[in-house]
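Let's walk through this model together, going from one pairing of side chains to the contact between chains and then to the empty space inside. Please keep the 3D view open as you read.

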Amino acid sequence: MKSDTSLTRPGAALGASLAAIGCAVLQGLPNQAMAGELENWDFDAAVLQYTESNDRVEATEAVLGATRNFDSETSLNFKLTLDTLTGASPNGAMPSDQPQTFTRPSGRGSYTVEAGDLPLDDTFRDTRYTGNIQWSAPLGRDWSYSGGVHYSTEHDYESRGGNASLSRYFNNKNTTVTLATSLSLDVLTPEGGVPVGLSAMAEPGSGSFSVDFDASRDGKEADKQVTDVIFGVTQIINRRSLMQFNYSLSYNNGYLTDPYKIVSVYDTAGGTLQGYRYEQRPDSRLKQALFWQGKYQFDGGDILDGSYRFLFDDWGMTSHTVDARYRWRFGHQYLEPQVRWYSQSAIDAYQPYVTSAQLADDPQALTADYRLGDFDAWTLGVRYGYRFDEKTELYTRLAAYRQMPRDFGSDNSSDTTPADAGDLPEMTAVMLTIGGRF
Amino acid sequence: MKSLTVLTLAFTVLLAGCSSLGVKPWERDLLAQQDMELISDPIEAALDDHVYFSKEGSSGGRGFGGGGCGCN
């Protein structure tokens with residue numbers, strides 16, 4: 001997600017190919033048949049504008065989906081996503097009472113952060129293209145299956161993968177049991193090469209800069225694989241309600257480090273800044289999640305949608321997510337207030353900064369990425385929609401997302417590096433979505 | 001692996017218990033509405049997942065946790 005140079009656009013070729021296939025299908029038909037053919041298609045389109053406060057990340061994401069329905073249960077779905085991202089992201093270092101100068105990830109040049117400011121790397125600029133194709137169909141009376149592929153590319157990241165699922169219906173289709181799996185093969189080509197985990201960041205302007213910078217790099221490319229398995233049960237309760245339970249496993253293997261994140265090094269906790277190290281995460285991660293969702297329709301037609309997720313992993317993180325929405329429907333319109341609460345505990349390898357003594361103990365993993373630290377987050381939103389008919393809808397959604405870090409290591413034990421929440425990155429973002437389907 | 005066995009067992013028991021729940025085919029009018037699908041808007045769900053995947057340490061649960069981007 002990082003770019004100091006011009007962007008490459010291999011994903012555009014994929015988009016053009018998909019569009020060409022769609023056009024070829026339609027162009028081959030006479031007008032009347034084309035109108036009939038269009039009846040079999042559903043289209044979805046949406047644009048999300050995501051803006052973080054304090055000039056941090058700004059992103060625009062556009063999605064176009066097209067589904068060809070062959071019958072009520074058989075469909076082929078195409079989805080194209082384009083997102084662009086600019087702005088600044090915390091680099092992992094702590095604020096300091098002195099100005100701080102950091103080497104850019106590319107090794108070309110540096111940037112300076114004022115005393116007291118949260119260190120942000122302001123060179124983020126990227127464009128990502130994603131394509132998905134998904135086929136779903138029944139398999140006899142009691143079974144159905146689905147299979148799909150995805151490809152995505154951005155300046156420093158490429159992902160290709162596939163998924164498959166099989167469902168079995170029980171109890172007159174009131175119970176559905178689903179087993180689904182996906183595999184993603186991802187390749188990272190970080191700006192400036194792959195940093196050596198826990199190596200020192202070369203000091204800008206030092207006489208040995210180029211030697212030091214080269215010593216902090218290990219090749220141009222790294223990869224990772226992500227395998228997911230989900231076992232789910234969907235149950236219709238009565239005419240007004242249904243619910244779902246999922247148990248999921250996600251196994252990440254390979255290079256899981258963020259190549260652009262660093263850790264501040266101090267001589268002692270709260271002491272003098274010594275320099276910066278590149279972060280390093282373990283090379284495998286197994287996440288498990290339990291997910292429940294329920295939906296209920298009231299007498300007047302309003303709908304309550306609630307879900308809860310409990311997630312834990314072998315990095316030492318646990319998280320809770322609660323999401324609730326109430327869709328108030330009146331005539332052709334609806335208004336839907338939404339609220340989401342999220343809370344996570346830090347992974348074992350997380351520290352806001354590290355001491356020289358801790359580094360001397362040769363840690364295997366270390367990160368100061370706030371996204372792996374202790375924090376709570378709220379999302380408050382509202383969605384408004386207008387339905388022209390059953391298949392045609394325009395909608396907009398406005399949501400605010402706020403992350404609040406918690407104090408770290410307040411137990412004062414000697415092996416922690418305590419930090420006040422006030423010195424850790426907090427974040428507020430506004431999300432505006434406009435979309436439609438026809 | 002042990003937790004997986006326990007969960008599989010729990011789901012099997014749940015499945016048996018579920019046979020008394022549900023509706024007749026002619027009672028599916030409300031459930032057939034698009035608004036009553038568990039993911040009533042897949043596009044909104046995907047946009048949300050992308051934001052939270054990029055900003056939080058957790059992902060997946062409802063669907064695949066997946067890879068797919070070097071998000072910041």
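A good place to begin is A:Asp42 and A:Lys391, whose side chains meet in a salt bridge with an N to O distance of 3.0 Å. This pair ties together distant parts of the chain, as 349 residues separate the two partners. A:Asp42 sits in strand β1 of chain A (residues 41-52), while A:Lys391 belongs to the loop between β19 (375-387) and β20 (393-405). Bear in mind as you look that this is a predicted model. Side chains of opposite charge can pair when their charged atoms come close. Over all chains, the structure holds 36 salt bridges.

Now turn to where the two chains meet. How many salt bridges cross the interface of chain B and chain A? The rule finds twelve. One you can pick out joins the side chains of A:Arg239 and B:Asp29, at 2.8 Å from N to O. Polar contacts between chain B and chain A come to 39 residue pairs, counting those with both residues at pLDDT 80 or more.

On chain B, the elements giving two or more residues to the side that touches chain A are α1 (2-18) and α2 (42-55). Helix α2(B) supplies the largest share of that side, with ten residues. Sorted by class, this side of chain B has 20 nonpolar, 20 polar and eleven charged residues. In total, 51 residues of chain B are in contact with 92 residues of chain A. The size of an interface is often given as the accessible area lost when the parts come together. Here the area buried between the chains is about 6000 Å², and carbon and sulfur atoms give 54% of that area.

Finally, let's look for enclosed space. Rolling a probe the size of a water molecule over the atoms shows where empty space is left. The count comes to eight cavities of 30 Å³ or more, and the largest cavity has a volume of about 530 Å³. Which residues lie nearest the centre of the largest cavity? They are A:Lys224, A:Leu256, A:Arg281, B:Phe53 and B:Cys71, out of 30 lining residues. The elements that give two or more residues to this lining are β14 (284-297) of chain A and α2 of chain B. By class, the lining has 13 nonpolar, eight polar and nine charged residues. Helix α2 of chain B thus appears in this lining and also gives the largest share of the side of chain B that touches chain A.

Methods:
Residues are numbered from 1 along each chain as its sequence is written. Chains are lettered from A and ligands numbered from 1 in the order in which they are written. This is a predicted model: local features need pLDDT of at least 70, side-chain atom pairs count only at pLDDT 80 or more; totals for chains, interfaces and linings use all residues. Side-chain values use heavy atoms; hydrogens and water are left out. Contact means heavy atoms within 4.5 Å. Buried area is the accessible area (1.4 Å probe) that two parts lose on being put together, summed over both. A salt bridge is a side-chain nitrogen of Lys or Arg within 4 Å of a carboxyl oxygen of Asp or Glu. A polar contact is a pair of N or O atoms within 3.5 Å; within protein, one must be able to donate a hydrogen and the other to accept it, and residues adjacent in sequence count only if both atoms are side-chain atoms. Helices (H or I, at least four residues) and strands (E, at least two) are DSSP runs, numbered from the N terminus. Ala, Val, Leu, Ile, Met, Phe, Trp, Tyr, Cys and Pro count as nonpolar, Asp, Glu, Lys and Arg as charged, and the others, Gly among them, as polar. On a 1 Å grid over the protein atoms alone, a cavity is a set of points where a 1.4 Å probe fits but cannot get out, and a pocket is an open set with protein on both sides within 12 Å along at least five of seven lines; lining residues have an atom within 4 Å of a point. Grid points are joined across faces, edges and corners, and a volume is the space filled by probe spheres set on the points.
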